[in-house]
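Here's a quick briefing to read with the model open beside you. It goes from the whole chain down to a couple of single residues.

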Amino acid sequence: NPGGGSRQQRVQTPKREATGSGVIISQDGYIVTNNHVVEGADELTVTLNDNREFSAKIIGTDKQTDLALIKVNAKDLPAITIANSDDLKVGEWVLAVGNPYNLNNTVTAGIVSAKSRGLGASANGIESFIQTDAAINPGNSGGALVNTRGELVGINAMLYSQTGSFSGYGFAIPTSIMNKVVADLKQYGTVQRALIGIQGQDVKNYVDAKKDKGEDVDLGTMEGIYVAKVSEESAAEEAGMKEGDVIPAIDGKPVGKMAELQEGLAKKRPGDKVTVTYLRDKKKATKTLTLKN
């Protein structure tokens, strides 16, 4: 360099864009989508069906449920009616609405093939999905799963596929979980987790694992949650629960698997009380626990 100076090389990072779907839940501009749709975004633009565009801000996100609440500055928006996903029946017809492959206003039909489906897709995630065979493809994420009356029953979250395209199974976060997450994000900016304080697994999985090792186990039931560990100073420990207990119900509602327990607790906040039914040595007992965070 004849001048003795140094040259600075500018490296320009290419602009990256991604699209997803969302659901307007209030006339004043609150929109629900997936956390993974907005995660890492510097700018958010919402395009409505009538082609109006708005800048959006993130009110709050929750990685554990893969939900996000965003807001646009608008009035009198067409908000969807929210139904109770607990009322869904397996075999009921549903429609998935979204923006797959940038094909706006795409609607696919299918039935509910399972409820409270846990996939084990994430170590710390809360997984209690509505499973449907309505086609869900990339870009559908965050869109609406509606019943035949057009009421929201879930937020489309993911597809199960070996190819990255739909192959028969789609999954949506039920409104029973969404409502609690939205309320917490509005009020606190983060989700208030309510915990019993146990680690465990489905009874069937526990019994099957023992059988694989040549051990026969009789817990008095094949449905429920096997308690593998009770956390110190937790609600469960204070109630006297122990390793080896089996939880078949909370608040009188059967919980046949971990996903159903997660869904029940996802509606609660720290300080709420729950009635836990458990089996110890095949004998049924009931305790009222005060949930902690």
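Among contacts between residues at least 6 apart in sequence, 59% join residues at least 24 apart. Keep in mind that this is a predicted model. The protein has 293 residues, and 43% of them count as buried. Its secondary structure comes to five helices and 17 strands. About 16300 Å² of surface is accessible, with 45% of that belonging to carbon and sulfur atoms.

**The cores**

- The largest nonpolar core is made of 21 residues. Ile25, Val32, Leu67, Leu69, Ile155 and Met178 are the ones with the most contacts inside it.
- Several elements chip in at least two residues each to this core: β2 (30-33), β5, β9, β10 (152-160), β11 (169-174) and α2. The largest share, five residues, comes from α2.
- What does Ile25 touch, leaving aside neighbours within four places in sequence? The list is Tyr30, Val32, Leu69, Ala79, Ile82 and Val182.
- There's also a second, separate core of 20 residues, and Ile225, Ile250, Val276 and Leu291 are among its members.

**Helix α2**

- Helix α2 covers residues 175-188, which makes 14 residues. At 1.5 Å a residue it should span 20 Å, and its end C-alpha atoms sit 19 Å apart, so the two figures agree. The expected span is 1.5 Å times one less than the number of residues, if you want to redo the arithmetic.
- Plenty of α2 is tucked away: Thr175, Ser176, Ile177, Met178, Lys180, Val181, Val182, Asp184 and Leu185 are buried. Note that Lys180 and Asp184 are on that buried list.
- Two of these α2 residues turn up again in the core story. Met178 is one of the residues with the most contacts inside the largest core, and Val182 is in contact with Ile25.
- Right after α2 comes Gly189, which has a positive phi, near 80°.

**The five-stranded sheet**

- Five strands form an open sheet in the order β1-β2-β5-β4-β3, and the pairing is antiparallel.
- Why do β1 and β3 each have one side without a neighbour in the sheet? β1 (23-24) and β3 (45-47) stand at the edges, and each has a single partner strand, so one side of each is left without a neighbour there.
- For β3, pairing with β4 (residues 53-62) is antiparallel and runs over three bridges. Within this part of the sheet, Thr45 stands opposite Ser55 in β4.

**Asn147: a buried polar residue**

- Asn147 is in strand β9, which runs over residues 144-147.
- Is Asn147 buried or exposed? Its relative accessibility is 2%, and the cut-off for buried is under 20%, so Asn147 counts as buried.
- A polar atom of the Asn147 side chain lies 3.0 Å from the backbone nitrogen of Arg149.
- Not counting residues up to four places away in sequence, Asn147 touches Ala83, Glu92, Trp93, Val94 and Val153.

**Gly91: a loop residue**

- Gly91 is in the loop that links β5 (67-72) to β6 (93-98).
- With a relative accessible area of 38%, Gly91 falls between the 20% and 50% cut-offs, so it's partly exposed.
- Beyond its neighbours within four places in sequence, Gly91 is in contact with Ile111 and Val112.
- Gly91 and Thr132 are 41 residues apart in sequence, with 9.2 Å between their C-alpha atoms.

Technical notes: Residues numbered from 1 in each chain as written. Predicted model: local features only at pLDDT ≥ 70, side-chain atom pairs only at ≥ 80, totals over all residues. Heavy atoms only, no water. Helix = DSSP H or I, 4+ residues; strand = E, 2+ residues; numbered from the N terminus. Buried < 20%, exposed > 50% of the residue type's maximum accessible area, 1.4 Å probe, protein only. Polar contact = N/O pair within 3.5 Å; in protein donor to acceptor, adjacent residues only side chain to side chain. Contact = heavy atoms within 4.5 Å. Pairing = 2+ DSSP bridges. Core = buried A, V, L, I, M, F, W, Y, C linked by side-chain atoms within 4.5 Å. Areas by Shrake-Rupley, 256 points an atom, 1.4 Å probe, with all protein chains shown as cover.
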